[in-house]
Amino acid sequence: ITSRTLLKNILEAAGYNVTTAIDGLEGFTKLKEGSYSLVVSDVEMPRLDGFGLTSRIRADKEFSEIPVILVTSLSKREHREKGIDAGANAYIVKSNFDQSNLLDIIQRLI
């Protein structure tokens, strides 16, 4: 909840409209119900993790071009590779989190 709230506050303060979801399954459902320019997701979530959500987005013809940013505490190289292999456009480790870096990446992707 804390990371989700923090990211929501950062993005809204930067002028973005934000919709949140409690896990990847709810996130994918909301994606199908709305119109979104970008997905920012944690990796470690119940029911459908961020890797699975990213793979599902990439596999769906309607959403496959939507940029996906994974923000996670998983910092090992194999996690980063798994995220990029799933189709993430960016992989940000929470321990190195920098608000301006996130906003720069978002601007570049949308």
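# A walk through the sheet, its helices and a pocket

Start by selecting Val39 and Val68: Val39 stands opposite Val68 in strand E2. Strands like this one (E, at least two residues) and helices (H or I, at least four residues) are DSSP runs, numbered from the N terminus.

Before you go on, note that this is a predicted model, where local features need pLDDT of at least 70 and side-chain atom pairs count only at pLDDT 80 or more, while totals for chains, interfaces and linings use all residues. Residues are numbered from 1 along each chain as its sequence is written, and side-chain values use heavy atoms, with hydrogens and water left out.

**Stop 1: the sheet**

Now show the strands. You should find an open sheet of three, in the order E1-E2-E3, with parallel pairing. Which strands stand at the edges? They are E1 and E3 (90–93), and each has a single partner strand, so one side of each is left without a neighbour in the sheet. From one strand to the next, the twist averages 15°.

Two strands count as paired if DSSP finds at least two bridges between them. E1 and E2 (residues 68–72) pair in the parallel sense over three bridges, and E2 and E3 do so over four bridges. To see one bridge from each pair, pick Ser41 with its partner Leu70 in E2, then Thr72 with its partner Val93 in E3. Strands of a sheet pair through backbone hydrogen bonds, either parallel or antiparallel.

**Stop 2: along E2 and E3**

Select E2 on its own. Five of its five residues are buried, so E2 is largely enclosed by the rest of the structure. Here buried means under 20% relative accessible area, exposed means over 50%, and partly exposed is in between (1.4 Å probe, protein chains only). In a regular strand the side chains alternate between the two faces of the sheet. In E2, Val68, Leu70 and Thr72 are on one side, Ile69 and Val71 are on the other, and all are buried.

Zoom in on Thr72, which sits in E2. Thr72 has a relative accessible area of 0%, so it is buried. Which residues does Thr72 touch, leaving aside its neighbours within four places in sequence? Its contacts (heavy atoms within 4.5 Å) are Asp42, Val43, Tyr91, Ile92, Val93 and Lys94.

Slide over to E3. Ala90 and Ile92 point one way from this strand, Tyr91 and Val93 point the other way, and all are buried.

**Stop 3: a helix across the strands**

Next, bring up helix H5 (residues 99–109). H5 lies across E2 and E3, running at about 165° to E2. Axes here are lines fitted to C-alpha atoms, for helices over the stretch in contact, and angles run from 0 to 180 degrees between N-to-C directions.

In H5, click on Ile105. Ile105 counts as buried because its relative accessibility is 7%. Apart from neighbours within four places in sequence, Ile105 is in contact with Ile69, Ala90 and Ile92.

**Stop 4: two more helices and a loop**

Go to Thr54 in helix H3. Is Thr54 buried or exposed? At 0% relative accessibility, Thr54 counts as buried. Beyond four places in sequence, Thr54 is in contact with Val68, Leu70, Ala86, Gly87 and Ala88.

Then pick Phe28 in helix H2. Phe28 is buried too, with a relative accessible area of 7%. Outside its neighbours within four places in sequence, Phe28 is in contact with Leu53, Arg56, Ile57, Asp60 and Phe63. Phe28 and Val39, where you began, are 11 residues apart in sequence and 9.7 Å apart in space, C-alpha to C-alpha.

For a contrast, find Arg47 in the loop between E1 and H3. With 61% relative accessibility, Arg47 counts as exposed. Arg47 has a positive phi of about 60° although it is not a glycine. Most residues other than glycine have a negative phi.

**Last stop: the largest pocket**

Select Val18, Thr19, Thr20, Val40 and Ser41. Of the 37 residues that line the largest pocket, these lie nearest its centre. Helices H1 (2–13), H2 (24–33) and H3 (50–59) and strand E1 (39–41) each give two or more residues to this lining, and H1 gives the most, with six.

Definitions and conventions: 1 Å grid on protein atoms, 1.4 Å probe; cavity = no way out; pocket = protein on both sides within 12 Å on 5 of 7 lines; lining within 4 Å.
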